[in-house]
Amino acid sequence: MASETTNSGQGNKGNGRIIAYVLIAIAVVLFILGVTDDYESGLSIHPMDQFIISPLFGGTDVHWYTVTNATVWFGLAVAAIAALMVLGTRGRAVVPSRGQSMAELAYGFVRKMVEDVAGKDALPYFPYIFTLFLFILFANFLGLIPGSFTTTSHIAVTAILAFAVFFTVTILGFVKNGAGFLSLFWVSSAPLVLRPILAIIEIISYFVRPVSHSIRLAGNVMAGHAVLKVFAGFAGALGAASVAPIIGIIAIYGLEVLVSAIQAYVFTILTCVYLKDALHPHH
Amino acid sequence: MEKEETTVHNGLESAAEVAIGADHGAVVDHAADAPGMPQLDIGTFDNQVFWLIITLVAIYLILTKIALPRIGAVLAERQGTITNDLAAAEDLKRQAEAAEDAYAKALADARTEAHAIVEAARAEIQADLAEATARANAEIAAQSAESAARIDEIRAGSMAMIEEIARDTATEIAAAFGSGAATDADAISAAVAERMKG
C-alpha cells in the first residue's frame with residue numbers, strides 16, 4: 001500500500017515536470033517571436049496590437065469558423081484545464097500527489113464558495129460555475145505568457161460569459177420561484193413609499209449586472225496588458241535607461257498575476273451571488 | 001445601440017491614444033484595417049463567440065464526465081478512509097481494553113487458584129508431617145520402652161551376679177581368715193544379702 005502511493009506520486013511528479021518544461025518552452029518561443037515581431041525602432045508603441053484577432057493559416061477574413069490566434073489560446077486553456085483536472089488526478093490517490101492536490105484545492109475552493117454564497121441547493125450548478133472559474137483563471141494566466149493572446153481581454157468573450165450567467169440566473173429564478181422572483185425587486189424591508197422607487201433602482205441595477213460583470217473582467221485584463229506593452233515600448237526605446245521601465249514591467253507583471261486570479265475569483269463569486277438571488281429572491 | 005457603441009468606441013480610442021501618447025500616424029495606420037480597439041471589431045465577434053462556446057462546452061464535458069466524478073470519488077474515499085480508520089482505531093482500542101480486562105481477570109483467577117493450590121499443598125504437607133511425627137513418636141516410645149525393659153533385665157542380671165560374686169568373695173575371705181564359725185555358707189549368704197539391701 002505504501003509503496004504504491006509513493007510510486008504514483010513519483011510518476012505524477014515526473015509528469016508535472018514535463019508539463020512545466022513544455023510550458024516554459026512554449027513561453028520562450030512565443031517570447032522570442034513576440035520580441036522579433038514588434039519594435040523595429042523608435043517610440044512606436046502599439047499597445048492594442050496584442051489584442052488583434054488574425055487568422056492563423058493565412059488570409060485576412062475572419063469568418064465565424066476561422067481558426068485564429070484566439071482559437072489557439074482557447075484550445076490551450078482547454079488543454080491546461082484537462083492537464084490539471086484529468087492528468088493531475090489520474091492517480092486517484094487517497095494521499096494526493098502535487099497535481100492532484102491542486103485539482104482538489106480548486107474543486108474544494110469553488111465548491112465551498114458556491115455552498116457558502118448561494119447555499120446547498122445551488123450545488124447542482126457547481127459544474128457550470130467551476131467551468132467558468134477554470135476557464136477565466138486559465139485564460140488569464142495563459143494570457144500572462146509573454147507574446148500570448150489573452151482571450152478574456154475581449155469584451156465579446158466576457159460578455160458571452162456574463163450574459164450566459166445573466167440569462168441562466170433569470171430563467172432559473174422564474175422557473176424556481178414563478179412570479180415570486182419579482183419580489184427580488186420589491187424591497188419589503190423598506191418603507192412602503194420608497195418601495196416603488198427602490199424597485200426601479202433594483203431593476204436598473206439588475207439589468208446593469210451583465211454589463212459590469214463582463215466589462216470588469218475584460219477591462220482589468222486589457223488595461224494590464226496594454227500598460228505592460230506601453231512599458232515594453234519604453235524599454236525598447238530608452239536604451240540604457242530602459243532599466244526603469246523594465247522594473248516597472250516586473251512590478252506590473254506581479255500585479256497582473258494577482259489581478260488574473262482575483263478577477264477569476266470575482267467573476268465566480270458574483271455568479272454565485274446572482275445564483276443566490278435566483279434561488280432565494282426574498283430579501 | 002449602434003450609435004452608443006460607436007460613441008463608446010471613439011471615446012475609448014481617443015482615451016487610449018491620449019494615455020499612450022503614441023505618434024498619431026501609427027495609430028491611424030492600424031486604424032485603417034482594424035479599429036483602435038480590436039475588442040470593438042464587431043467582425044470578429046461571431047468567430048470568438050463560436051470558439052468560446054466550443055471551449056466552454058469542452059471544459060464542461062471534461063469536468064462533468066471525468067474530472068468532477070473522479071475528484072468527488074477520491075474525496076469521498078478519503079473521507080471514508082478517515083472514518084473507517086477512526087472506527088477501526090476505536091474498535092482496536094475497545095479490543096485492547098477487553099484484552100486488558102481479560103488479562104487482569106485471568107491474572108486474578110490464576111492468583112486465586114495458585115493460592116488455593118498452595119493452601120492445599122500446605123495442608124497436605126502439614127497432615128503428612130503430623131502423621132510422620134506421630135509415627136516417629138510412637139516408634140521412639142516403643143523403642144525406649146523396649147530399651148528400658150532391657151536395661152532393667154540387664155540390671156537385675158548384674159545384681160544377681162554381684163550378689164554371687166560378693167558371696168563367693170566373702171566365703172573366700174572367711175576361709176582365708178580361718179575362723180570356723182564363720183565359714184557357714186548360710187550365714188555368709190544372709191550377711192551378704194543383709195549388706196546388699198543397705
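**Helices of chains A and B**

Colleague: How do α2(A) and α3(B) lie to each other, roughly parallel or roughly antiparallel?

Modeller: This is a predicted model, in which local features need pLDDT of at least 70 and side-chain atom pairs 80 or more, while totals for chains, interfaces and linings use all residues. Residues are numbered from 1 along each chain as written, with chains lettered from A and ligands numbered from 1 in written order. Helix α2 (residues 69-87) of chain A packs against helix α3 (residues 45-177) of chain B at about 10°, their axes (lines fitted to C-alpha atoms over the stretch in contact, with N-to-C angles from 0 to 180 degrees) being 10 Å apart. Since angles under 35 degrees count as such, α2(A) and α3(B) are therefore roughly parallel.

Colleague: How many helices does chain B have?

Modeller: Helices here are DSSP runs of H or I with at least four residues, and strands are E runs of at least two. From its N terminus, chain B runs α-α-α-α, and, with zero strands, its helices come to four.

Colleague: Which helix supplies the largest share of the largest nonpolar core?

Modeller: Such a core joins buried Ala, Val, Leu, Ile, Met, Phe, Trp, Tyr and Cys residues through C-beta atoms within 7 Å, buried meaning 20 or more other C-beta atoms within 10 Å. The largest has 69 residues, with Ala77(A) and Phe133(A) among those having the most contacts inside it. Both α2 of chain A and α3 of chain B are among the helices that each supply at least two residues, but the largest share, 12 residues, comes from α4(A).

Colleague: Which residues does Phe133(A) contact, leaving aside neighbours within four places in sequence?

Modeller: Phe133(A) is one of the residues with the most contacts inside the core. Counting contacts as C-beta atoms, placed from the backbone, within 7 Å, its partners beyond those neighbours are Val110(A), Ala264(A) and Thr268(A).

Definitions and conventions
Angles under 35 degrees count as roughly parallel, over 145 as roughly antiparallel, 65 to 115 as roughly perpendicular and the rest as oblique. A residue is buried if 20 or more other C-beta atoms lie within 10 Å of its own, exposed if 12 or fewer, and partly exposed in between; C-beta atoms are placed from the backbone. Two residues are in contact if their C-beta atoms, placed from the backbone, lie within 7 Å.
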